[in-house]
Amino acid sequence: MPPCSLSLCLLQARDDILNGSHPVSFDKACEFAGIQAQIQFGPHVEHKHKPGFLDLKEFLPKEYIKQRGSEKKIFQEHKNCGEMSEIEGKVKYVKLARSLPTYGVSFFLVKEKMKGKNKLVPRLLGITKESVMRVDEKTKDVVQEWPLTTVKRWAASPKSFTLDFGEYQESYYSVQTTEGEQISQLIAGYIDIILKKKQSKDRFGLEGDEESTMLEESVSPKKSTILQQQYNRVGRVEHGSVALPGIIRSGSIGGPDNYSVGTMPFAQQQITTGQMHRGHMPPLSLAQQALMGTINSSMKAVQQTQADLGQVDNLPPLGHDLASRVWVQNKVDESKHEIHSQVDAITAGTASVVNLTAGEPTETDYTAVGCAITTISSNLTEMSKGVKLLAALMEDEAGGGHKLMGAARMLAGAVSDLLRSVEPVAGEPRQTVLTAAGSIGQASGDLLRHMGEGETDEKFQDTLMNLAKAVANAAAMLVLKAKNVAQVAEDTILQNRVIAAATQCALSTSQLVACTKVVSPTISSPVCQEQLVEAGKLVDRSVETCVKACRSANSDGELLKQVAAAAGVVSQALSDLLQHVRHYASCGEPIGRYDQATDTIMNVTENIFTSMGDAGEMVRQARVLAQATSDLVNAMRSDAEAEVDVDNSKKLLAAAKLLADATARMVEAAKGAAAYPENEDQQQRLREAAEGLRVATNAAAQNAIKKKLVNRLE
């Protein structure tokens with residue numbers, strides 16, 4: 001290995017060990033640090049190399065920096081290196097790194113349920129090109145390993161990730177994580193490679209011998225890698241001459257020659273899809289290339305689904321006895337349930353695509369978009385199988401099976417339109433994406449209705465759409481007020497910023513309406529509700545940005561007052577929409593003041609915990625939290641005044657005071673985080689204050705929660 005390559009390998013290995021990409025035990029970390037000291041300082045010198053000499057953060061992963069005796073142990077390892085040269089040290093460091101069982105593994109810090117206890121413990125989940133592994137978070141030992149070939153299914157939600165190993169393991173393996181989509185995309189990429197290798201082997205009967213050339217188009221973790229195999233067949237050399245003797249034929253011999261008459265064939269047209277000239281387009285990033293690969297493979301799956309939905313399944317003759325009728329009914333119910341779940345996943349995935357592609361192309365998480373598209377296409381493929389079976393079982397009903405198949409084809413066509421509209425090279429207007437997404441919502445609703453599984457409360461759905469449109473109308477008024485500010489702004493840059501913020505605000509509400517249309521037919525699904533809430537958050541942020549831009553551009557009190565009032569109307573309309581969804585999520589139970597506030601507090605504190613590192617988002621969530629706790633405190637004080645029992649009244653007032661004090665501490669911590677957004681200590685303080693507030697909420701609302709449980713039991 002050339003010296004420059006060795007140095008690069010060393011730097012990469014060292015950085016991966018220090019930042020935790022290659023998790024190592026304390027002993028191994030010290031061994032690496034000892035070799036690093038040998039490389040940097042030469043052989044160990046007793047009087048010079050002793051505790052206090054090293055800047056430990058340059059030699060150890062941060063989790064071991066404060067461990068007692070770490071520097072002494074490093075210098076012991078340094079001493080063990082003897083007279084090793086710098087080059088030898090680098091070679092040893094790189095070799096040792098490559099020998100680690102964690103080398104080449106992508107790790108995610110997750111939480112796992114402790115067996116037999118209702119407690120979550122941290123765990124490292126590792127994904128390699130061949131396996132999934134569980135690694136002890138403290139010792140870095142591999143606890144369990146599953147081959148990727150045993151993975152049957154996987155599912156990602158915003159807060160969890162689940163693996164199904166089929167018959168290889170009895171139960172599912174599920175963990176809590178906010179990186180479920182990244183894990184899913186990584187597994188999908190590796191499995192894609194495994195399947196392509198298998199297809200190649202099955203087709204040509206080889207693993208890749210000396211006659212074949214491997215062409216790699218994109219190799220990057222968390223992205224699917226496209227591999228092509230080129231085969232160079234070996235044949236015999238044929239000897240011969242290109243100069244053949246001329247032949248002279250006389251026209252007089254044998255009479256006149258015969259001429260054959262034919263017609264020129266018609267012009268042939270050939271349409272090639274999936275290819276383009278890239279010379280006139282900006283180059284795609286690696287993430288965009290990976291998304292293009294995902295879309296192309298998903299498009300093939302959708303086209304195959306459309307072809308499969310051409311005819312229903314051919315079933316053997318079914319009897320009319322009681323046992324046969326029971327079997328048919330069970331199969332129908334089972335198919336309906338599975339199809340409904342798959343439609344839920346398709347609509348939630350579609351809403352996710354809309355939300356994820358909302359910003360600028362440079363800010364888009366293409367990995368997450370690819371994951372959502374894979375979810376849509378894989379669920380559509382599975383759904384088509386169930387629809388064909390169900391349609392065959394429904395043939396006895398008047399045209400029921402025929403209508404069901406037609407609705408499924410419409411849904412597949414709508415998905416195909418969505419995939420085309422989000423291609424990075426397509427450059428489609430945003431409205432095209434929203435229209436395609438709305439068509440998926442419409443087709444999903446039709447499919448569920450023909451199946452007899454449509455949402456029963458149509459009045460609720462109508463109200464939902466009207467509330468979403470009310471948000472859009474309120475935003476249109478805010479845009480007008482913002483443009484009034486822009487017209488009188490003197491600074492051109494600030495003026496343009498107001499116009500851009502107002503435009504984004506209008507666009508985010510259009511997206512909210514599109515998302516509502518998509519998830520409305522499947523609103524009973526929690527994942528669909530989550531996507532609608534996410535679309536609401538995007539609106540909330542765009543409104544806040546618009547108001548800030550107006551304040552920066554102009555100081556006219558009256559105009560800014562109008563902007564603030566219009567923004568308040570948008571926020572209220574958005575709150576009404578989300579409240580309507582929450583009411584449905586609670587199965588129609590009346591949501592009391594305590595219930596609503598405690599639910600909000602629990603959800604928002606969770607958001608604060610997962611937003612560590614993003615001070616702006618943490619402070620934004622803290623504002624929502626302060627309002628919710630204020631509502632709860634006021635409700636408790638009101639109940640205390642109306643309470644006949646003096647002891648109960650005192651308990652409520654005491655609990656309200658605890659909660660009010662915890663809220664005050666949280667507000668102070670939020671001010672610190674807002675003032676110093678780059679300071680991790682301030683963010684940690686805010687997190688701890690939010691945890692304290694959560695504990696205070698549990699204690700304060702305990703009586704109300706008990707009362708609710710008793711009512712449910714009754």
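Which two strands pair in the antiparallel sense over five bridges? In this predicted model, they are strand E5 (residues 153-157) and strand E6 (residues 160-164). Two strands count as paired if DSSP finds at least two bridges between them. Helices (H or I, at least four residues) and strands (E, at least two) are DSSP runs, numbered from the N terminus. Residues are numbered from 1 along each chain as its sequence is written. Local features need pLDDT of at least 70 and side-chain atom pairs count only at pLDDT 80 or more, while totals for chains, interfaces and linings use all residues; side-chain values use heavy atoms, with hydrogens and water left out.

E5 and E6 form a hairpin, with two residues between them. Within this pairing, Trp-154 has Leu-163 of E6 as its bridge partner. E6 is also joined to strand E7 (residues 173-176) by four bridges, and these two strands run antiparallel. Here Leu-163 appears again, with Tyr-173 of E7 as its bridge partner.

It helps to step back to the whole protein, which has 19 helices and nine strands. Of its 714 residues, 42% are buried, where buried means under 20% relative accessible area, exposed over 50%, and partly exposed in between (1.4 Å probe, protein chains only). The protein exposes about 40,900 Å², and carbon and sulfur atoms supply 52% of that area; accessible areas come from the Shrake-Rupley method with a 1.4 Å probe, and for residues only the protein chains shown count as cover. Among contacts (heavy atoms within 4.5 Å) with a separation of 6 or more, 66% are between residues 24 or more positions apart.

The interior comes next. A nonpolar core is a set of buried Ala, Val, Leu, Ile, Met, Phe, Trp, Tyr and Cys residues joined through side-chain atoms within 4.5 Å. The largest such core has 94 residues, and Met-383, Val-387, Leu-411, Val-415, Leu-447 and Leu-478 have the most contacts inside it. Helix H11 (residues 458-488) gives the largest share of this core, 13 residues. Leu-447 touches Val-343, Met-383, Val-387, Leu-404, Ala-407, Ala-408 and Leu-411, when residues up to four places away in sequence are not counted. Apart from the largest core lies another, of 29 residues, including Ala-597, Phe-609, Leu-652 and Ala-669. In soluble globular proteins, nonpolar side chains tend to be buried together.

Val-332 belongs to helix H7 (residues 322-356) and counts as buried because its relative accessibility is 11%. Its contacts, leaving aside neighbours within four places in sequence, are with Leu-390 and Leu-393. The C-alpha atoms of Val-332 and Leu-389 are separated by 8.6 Å, although the two residues are 57 residues apart along the chain.

Helix H2 has 16 residues and reaches 22 Å from its first C-alpha to its last, close to the 22 Å expected at 1.5 Å a residue, the expected span being 1.5 Å times one less than the number of residues. Its buried residues include Phe-26, Phe-32, Ile-35 and Ile-39. Just after H2, Gly-42 takes a positive phi of about 80°.

Charged side chains complete the picture, with 21 salt bridges in the structure. A salt bridge is a side-chain nitrogen of Lys or Arg within 4 Å of a carboxyl oxygen of Asp or Glu. In H2 (residues 26-41), Lys-28 and Glu-31 lie three residues apart, about one turn of the helix, and their side chains meet in a salt bridge (3.6 Å, N to O). Lys-28 is partly exposed at 28% relative accessibility, and Glu-31 is partly exposed at 21%. Glu-86 and Lys-90 form another salt bridge (3.4 Å, N to O); being four residues apart in helix H4 (residues 86-99), they are separated by about one helical turn. An α-helix has 3.6 residues a turn, so residues three or four places apart point the same way. Glu-86 is partly exposed at 44% relative accessibility, whereas Lys-90 is buried at 12%.

Lys-140 and Glu-63 also form a salt bridge, their closest N and O atoms being 2.9 Å apart. This pair links distant parts of the chain, 77 residues apart: Lys-140 lies in the loop between strand E3 (131-136) and strand E4 (142-147), and Glu-63 in the loop between H2 and helix H3 (70-80). Lys-140 is buried, with a relative accessible area of 8%, while Glu-63 is partly exposed at 44%. Finally, a network of salt bridges links Arg-541, Glu-544, Lys-548, Glu-617, Arg-620 and Arg-623.
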